[in-house]
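Q: Please take a close look at a single part of this protein, and explain carefully how that part sits within the rest of the chain.

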Amino acid sequence: CASLSLDPNLKTILFAPGGEILYKHDRQVLMLLKKLLDSGAFAVPVQFLVRFPPGDVLDTTPIEGHPRFIIDKPGTAITARRKENEISKSDNAHLEDSLFHSDLVLTLVSTMAIDGAVFDKPVVILGFDVPGATEQSVRTFSVRMHFRKILGSGLLSVPKNEANFLAQINAYLSNPSLDR
């Protein structure tokens, strides 16, 4: 926690965005999370660990300078091209530490959902289009063969609107063993 300047007195939500290659609206998701945080909508004080997909980028301007949003960019570039990178043993250990110290995993369609389940963390998948998401729907991810199996496993929650999204996050933060 200290290496990332995370406050150990706050609940940590590990947010694994899609990245520019996978999803065009991470910026809007960050705007929603900031709005919810700034309005006091979470049941307990939280902070976000925003873990970039290795080798990818995203627009973080909505949260820049916000003390409760910590950016984490794993991996080492091996060329100047995006997504040509390596994940070292220390990167893997860092991921394990991040998952261990997080209270909830929030993602789109990422193997981070599986990682969160392995670490016995509640997992919430964004299942609705946030305001401003006009180019691409998150619903397109649910039809991808590799992710359909985990969506039907009962290991994670997929709220379909903002109210259910917030309610599910608050329920898990209040009771992490819910749906264990």
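A: **A close look at helix 5**

Helix 5, which covers residues 162-174, has 13 residues and spans 18 Å from its first C-alpha to its last, close to the 18 Å expected at 1.5 Å a residue. The model in which this helix appears is a predicted one. At the N-terminal end of helix 5 there is a cap, provided by N161, with a side-chain oxygen 3.2 Å from the backbone nitrogen of A163.

Along helix 5, the buried residues are F165, L166, Q168, I169, N170, Y172 and L173. To read such a list, it helps to know that an α-helix has 3.6 residues a turn, so residues three or four places apart point the same way. The cover over the buried residues of helix 5 includes strand 1 (11-16), strand 2 (46-51), strand 6 (104-107) and strand 7 (123-125), together with helix 1 (26-38).

Now for the setting of this helix. The protein has 5 helices and 7 strands, and from the N terminus on its elements run in the order β-α-β-β-β-β-α-β-α-β-α-α. Of the 180 residues in the protein, 45% are buried. Among contacts between residues at least 6 apart in sequence, 63% join residues that are at least 24 apart.

Elsewhere, the largest pocket has a volume of about 300 Å³, and of the 19 residues that line this pocket, P17, P53, P54, S110 and T111 are the closest to its centre. By class, the lining of the largest pocket is made of 11 nonpolar, 4 polar and 4 charged residues.

Methods
Residues numbered from 1 in each chain as written. Predicted model: local features only at pLDDT ≥ 70, side-chain atom pairs only at ≥ 80, totals over all residues. Heavy atoms only, no water. Helix = DSSP H or I, 4+ residues; strand = E, 2+ residues; numbered from the N terminus. Expected span 1.5 Å × (residues − 1). Buried < 20%, exposed > 50% of the residue type's maximum accessible area, 1.4 Å probe, protein only. Contact = heavy atoms within 4.5 Å. Polar contact = N/O pair within 3.5 Å; in protein donor to acceptor, adjacent residues only side chain to side chain. 1 Å grid on protein atoms, 1.4 Å probe; cavity = no way out; pocket = protein on both sides within 12 Å on 5 of 7 lines; lining within 4 Å. Points joined across faces, edges and corners; volume = space filled by probe spheres on them. Nonpolar A, V, L, I, M, F, W, Y, C, P; charged D, E, K, R; others polar.
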